[in-house]
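Colleague: Could you take me through one part of this model in detail? I'd like a close look at the protein surface that faces the DNA.

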Amino acid sequence: MSIYDKLNQQQKEAVFQTRGPVLILAGAGSGKTSVLTHRAAYLLDEVGVRPYNILAITFTNKAASEMRERIDNLIGFGSQDIFVSTFHSMCVRILRRHVDYIGFDNNFTIYDTDDQKQVMRDVLKKLDIDPKKLKERTVLNAISSAKNELVTPEKFAIGSGGDYTRSLISKCYFEYQAALHKNNAFDFDDLIMKTVELFTEHPEVLEKYHERWTYIMVDEYQDTNTAQFELVRLLADTKDKNLCVVGDDDQSIYRFRGANIRNILDFEMHYPDAKVIKLEQNYRSVQTILDAANAVIRNNAARKNKSLWSKNGEGEKIRFLQLDTASEEAETIADSIARNVRKGLCKFGDNAILYRTNGQSRLLEERFVKENIPYRIVGGINFYSRREIKDLLAYLKTVDNGKDDLAAKRIINIPKRGIGATSVAKVQTAADNLGISFFDTLSCLDKADIKGATAEKLRSFETMILRLRAVNAAEGPAKLLREILDITDYINQMDVDSEEEADERIGNIEEFLSKVTTYCEEHETPTLTGLLEEIALVADIDSLDESEDRVLLMTIHSAKGLEFDNVYLAGMEEGLFPSYMSVTEGEEGIEEERRLAYVGITRARKNLTISSARARMINGETQFNAISRFVHEIPNNLFDNPPVRRKSYDDDSSYRFRRDSGEDTFGGGYRRNRDSDDYSGFRRDSDSDDYSGFKRDSDRDDYTGFKRTADVEAPYNPYSSKPRAFYSSKKTPEEEKPFISKASALGSLTKGSEMASGSKLKAGDRVRHIKFGEGTVLSVVKEPRDDKVTVQFDTAGQRVMYASFAKLQKL
DNA sequence: CACAGGTCTCTTTTT
DNA sequence: GAGACCTGTG
């Protein structure tokens with residue numbers, strides 16, 4: 001009995017085919033990770049390859065760590081030397097080693113989307129381009145596409161020809177790259193392109209990797225873009241070409257980020273002696289779900305023909321729900337899950353709600369909170385792009401990489417130090433003239449012709465950073481972060497509009513602190529550079545703990561590679577899914593959306609529920625959308641209640657604006673037009689173009705009887721990754737534990753004993769604050785996290801602060 | 001220089 | 001509807 005006995009015929013074939021190029025077309029749920037891990041085992045055990053010589057590339061950290069784990073379980077000793085990594089991490093590793101060949105320092109920073117935007121804004125300003133004429137986004141998109149296609153600024157310029165806009169973008173591209181270089185930074189796309197550049201211009205470096213990685217496997221090959229394709233091609237460009245790629249052309253859903261489906265469709269063209277193996281047996285889903293998936297994807301022209309089948313039985317029919325509004329959709333889904341759990345049919349964690357856009361999570365979340373259903377939202381606003389976290393990161397980056405002007409400029413006046421835009425601009429000009437970084441300019445302000453009070457403020461900022469560098473060198477990133485929070489008094493200096501906001505942000509800071517602490521504990525030699533790199537490259541999905549018993553909410557993109565017993569595909573409406581953008585784009589766009597639908601459907605093991613709403617508010621306007629074409633592509637006999645075919649909302653004569661059952665929607669929820677009582681703004685004449693695009697004005701939806709989104713209470717930040725709702729009123733032990741340790745971690749931040757513990761303060765006490773001066777305590781509210789003190793300052797007004805952070809001295 | 005209030009604009013999806 | 005951005009005022 002060997003470990004390979006459990007594999008089916010095709011899987012075995014894929015595992016045993018170790019020489020030369022191999023293309024494994026692995027349908028959804030066909031056990032491709034199993035094939036890859038067994039293949040690694042086979043290479044080690046039977047072919048005698050050393051683990052050090054094997055490279056496995058994935059797209060997400062989650063996929064990488066999953067593969068790592070499964071390889072470790074299967075192989076055990078020695079497996080840790082197999083290099084399992086994402087494209088981006090691998091490139092960072094390579095660049096950190098050899099980036100000096102192409103003129104960067106090896107402690108380079110990785111810029112995220114916000115950073116890119118900031119750089120581009122500066123570029124547009126510098127080139128005196130009207131941002132209304134040419135948007136940052138447009139330019140950045142063009143540059144990103146260029147990089148994904150390995151088009152350098154030089155090549156881009158040549159390709160511009162007489163096209164005015166394009167030559168303008170070309171100028172921006174040059175300037176943008178220059179700015180990144182100056183800041184010693186790469187953007188995401190650079191990581192791949194610059195690695196290719198390194199290998200192309202310095203074959204001796206590539207040669208080292210040829211010697212090392214003699215067997216290469218690439219997962220999710222259908223999502224590779226041209227740059228990644230070229231990178232793989234270079235790495236595998238050895239005598240033997242032992243390259244094994246695994247993918248499913250039907251699951252190619254990253255065209256928007258340059259993925260080129262031709263890479264997988266044309267694999268045999270690039271490698272004529274490639275062996276092709278199809279895995280079509282599905283081990284995940286019941287046949288009904290596979291039939292639905294097959295029926296949908298069959299409508300795509302550009303694909304390799306294959307058809308999934310399983311031995312898991314027919315299973316339940318697919319449910320279809322059409323609701324009047326998106327809130328009712330959310331309500332129905334939440335109720336359905338709650339009912340099934342109550343009946344003991346499933347756990348919360350067996351359910352996932354998948355949608356096309358992150359924005360759809362809001363209503364669902366509100367409903368889940370209302371019904372006390374435990375849930376977790378994956379994705380949306382990245383944790384690290386919250387304002388307070390970005391501020392703290394900018395501190396860390398400034399300490400780490402003094403060339404990162406972006407970071408230094410972000411924090412030079414956070415918290416407020418009385419350094420305004422004028423002073424910043426002055427320093428920047430001087431820096432440009434001197435050819436040094438923004439931060440380095442602070443040490444020679446006399447050359448910059450900055451004197452007096454401003455110079456003093458700037459110098460003290462510089463001194464602070466230098467001091468922080470010493471802290472980092474001596475005690476590492478975790479201590480550094482605490483020191484930053486401490487000496488800037490960041491938490492009390494945040495300007496917030498409400499207590500809720502303060503709570504939210506303090507919670508985020510706590511979470512950040514605990515993440516940094518964890519990083520330091522988990523790494524033998526934790527470094528600031530390493531920490532920042534890890535932060536730059538993680539996705540929300542990477543840290544998903546599937547053992548939690550919570551309903552999962554995420555986009556279909558995020559759900560790729562995952563599976564659940566019960567899947568709810570929400571918001572299946574024309575204009576939303578397929579998206580309006582892709583509809584206007586034509587057939588290629590639709591085919592990509594259809595693949596996405598295929599990915600969504602095939603996430604389900606047992607039960608699939610598809611829903612759509614007749615009306616939904618998007619970007620402040622109510623849209624009336626027809627049922628998604630993809631729903632209609634599923635044969636009626638697979639549904640328990642097939643959807644009614646209808647071309648668009650207006651064709652449905654049975655539908656009326658006012659709901660028959662009136663009740664509470666017209667009660668508390670109903671509001672008249674904000675601006676006037678005049679109904680004339682509401683035209684329902686059929687020649688009005690309002691209807692052609694399925695769109696209407698937000699002001700008009702009042703008349704439809706639908707709830708306005710604003711009328712629904714929204715006490716929670718939908719983007720917070722922190723859990724906010726629990727099914728029982730008691731917190732689970734898992735929730736309590738880190739909570740306490742975080743709080744104590746924060747407690748240790750404060751220096752001296754006289755300030756902390758708010759319990760010592762009471763209403764009426766006179767106190768002194770380091771910045772706000774003297775004041776009187778109005779109230780002290782005990783909170784689990786920390787005591788919240790409200791102080792009426794004599795000169796600085798009323799402030800709410802957290803006792804252990806506020807340097808409040810009792811008088 | 002800081003802040004309040006008004007205007008404008010919406011990448012669908014993410015490493 | 002919400003956040004980013006701009007502008008005028010103290």
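**The surface near DNA strand B**

Modeller: Four helices, α6 (136-148), α19 (421-434), α25 (556-559) and α26 (580-585), each put at least two residues into the surface near DNA strand B. Helices here are DSSP runs (H or I, at least four residues), numbered from the N terminus, and "near" means that a heavy atom of the residue lies within 4 Å of the strand. Mind that this is a predicted model: local features need pLDDT of at least 70 and side-chain atom pairs pLDDT 80 or more, while totals for chains, interfaces and linings use all residues. Residues are numbered from 1 along each chain as written, chains are lettered from A and ligands numbered from 1 in the order written, and side-chain values use heavy atoms, without hydrogens and water.

The top contributor is α19, with 3 residues. Around DNA strand B there are 29 residues, and Arg356, Gly420, Thr422, Ala539 and Ser579 come nearest. On the DNA side, sugar and phosphate make up 62% of the strand B atoms that come within 4 Å of the protein.

Now the phosphates. The side chains of Thr422 and Ser423 each have an N or O atom 2.8 Å from a phosphate oxygen of strand B. For Asn358 that distance is 3.2 Å. These are polar contacts (pairs of N or O atoms within 3.5 Å).

As for make-up, the surface has 15 polar, 8 nonpolar and 6 charged residues; Asp, Glu, Lys and Arg count as charged, Ala, Val, Leu, Ile, Met, Phe, Trp, Tyr, Cys and Pro as nonpolar, and the others, Gly among them, as polar.

How values were computed. Polar contact = N/O pair within 3.5 Å; in protein donor to acceptor, adjacent residues only side chain to side chain.
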